[in-house]
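Trainee: Could you take me closely through one part of this model, the place where two neighbouring helices pack against each other? I would like the geometry, the residues that meet, and the surroundings in one connected account.

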Amino acid sequence: MNQQVLLRHDILSKQELLDLILEYQTALDNSREKQKALDSIIRHNYKLVFGIASKIYNRRPLRTLELQDLVKAGLECVI
């Protein structure tokens with residue numbers, strides 16, 4: 001999925017995120033349900049991660065990391 005498509009999704013509420021995390025944790029390994037829950041978590045929180053990464057990127061005097069690297073690091077924290 002490209003960045004524009006990911007930014008169209010709404011940010012999940014705390015309860016929706018907790019429900020998806022529970023669904024992810026209780027699904028069988030390598031199951032379709034587990035992958036679907038993980039994809040949903042990433043898709044819906046990409047907008048939040050991108051916004052935070054953008055603020056960090058724009059505030060730093062020395063930009064040693066690219067914005068994409070910050071976004072990738074933020075998404076890894078979600079997982």
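Mentor: What follows starts with the whole chain, turns to the packing of H2 with H3, and ends with a brief look towards H4.

Please keep in mind throughout that this is a predicted model, and that every value I quote is computed from it. The protein has 4 helices and 0 strands, so that, in keeping with how helices and strands are assigned as DSSP runs, the pattern read along the sequence is α-α-α-α. Of its 79 residues, 29% count as buried, while the exposed area comes to about 6000 Å², of which carbon and sulfur atoms supply 55%. If we consider contacts between residues at least 6 apart in sequence, 53% of them join residues at least 24 apart.

Now to the pair itself. In general, two packed helices are described by the angle between their axes and the distance between the axes. Helix H3 spans residues 32-59, and helix H2 spans residues 14-26; their axes come within 8 Å and cross at roughly 150 degrees. Because an angle over 145 degrees counts as roughly antiparallel, H2 and H3 are described as roughly antiparallel to each other. As for handedness, the crossing in which H2 passes H3 is left-handed.

The contact is made from the H2 side by Leu17, Leu20, Ile21, Glu23 and Tyr24, which meet Glu33, Lys34, Ala37, Leu38, Ser40, Ile41 and Asn45 on the H3 side. Sorted by residue class, the participants in this contact comprise 7 nonpolar, 2 polar and 3 charged residues.

Three residues help to give this picture some detail, and the first to consider is Ile21, which lies in helix H2 and takes part in the contact with H3. With a relative accessibility of 32%, Ile21 counts as partly exposed, because that class covers values between the 20% limit for buried and the 50% limit for exposed. Its C-alpha lies 7.8 Å from that of Ile41, although 20 residues separate Ile21 and Ile41 in sequence. Leu18, also placed in helix H2, can be related to Ile41 as well: the C-alpha atoms of Leu18 and Ile41 are 9.7 Å apart, with a sequence separation of 23 residues. The relative accessibility of Leu18 is 44%, and Leu18 therefore counts as partly exposed.

From the side of helix H3, Ser40 is worth following. Its relative accessibility of 12% is under the 20% limit, so Ser40 counts as buried. Leaving aside residues up to four places away in sequence, Ser40 touches Leu12 and Leu20, and Leu20 is itself one of the H2 residues named in the contact with H3.

The connection between the two helices also deserves a look. Asn30 is found in the loop between H2 and H3, and its phi is near 60 degrees, a positive value in a residue other than glycine. At a relative accessibility of 81%, Asn30 counts as exposed.

Finally, looking beyond this pair, helix H4 covers residues 67-78 and includes Gln68. Gln68 has a relative accessible area of 48%, and is therefore classed as partly exposed. The C-alpha atoms of Gln68 and Phe50 are separated by 8.8 Å, with the two residues lying 18 apart along the chain.

Notes:
Residues numbered from 1 in each chain as written. Predicted model: local features only at pLDDT ≥ 70, side-chain atom pairs only at ≥ 80, totals over all residues. Heavy atoms only, no water. Buried < 20%, exposed > 50% of the residue type's maximum accessible area, 1.4 Å probe, protein only. Contact = heavy atoms within 4.5 Å. Areas by Shrake-Rupley, 256 points an atom, 1.4 Å probe, with all protein chains shown as cover. Axes fitted to C-alpha atoms, helices over the stretch in contact; angles between N-to-C directions. Parallel < 35°, antiparallel > 145°, perpendicular 65-115°, else oblique. Left-handed = near helix turned anticlockwise from the far one by under 90°. Nonpolar A, V, L, I, M, F, W, Y, C, P; charged D, E, K, R; others polar.
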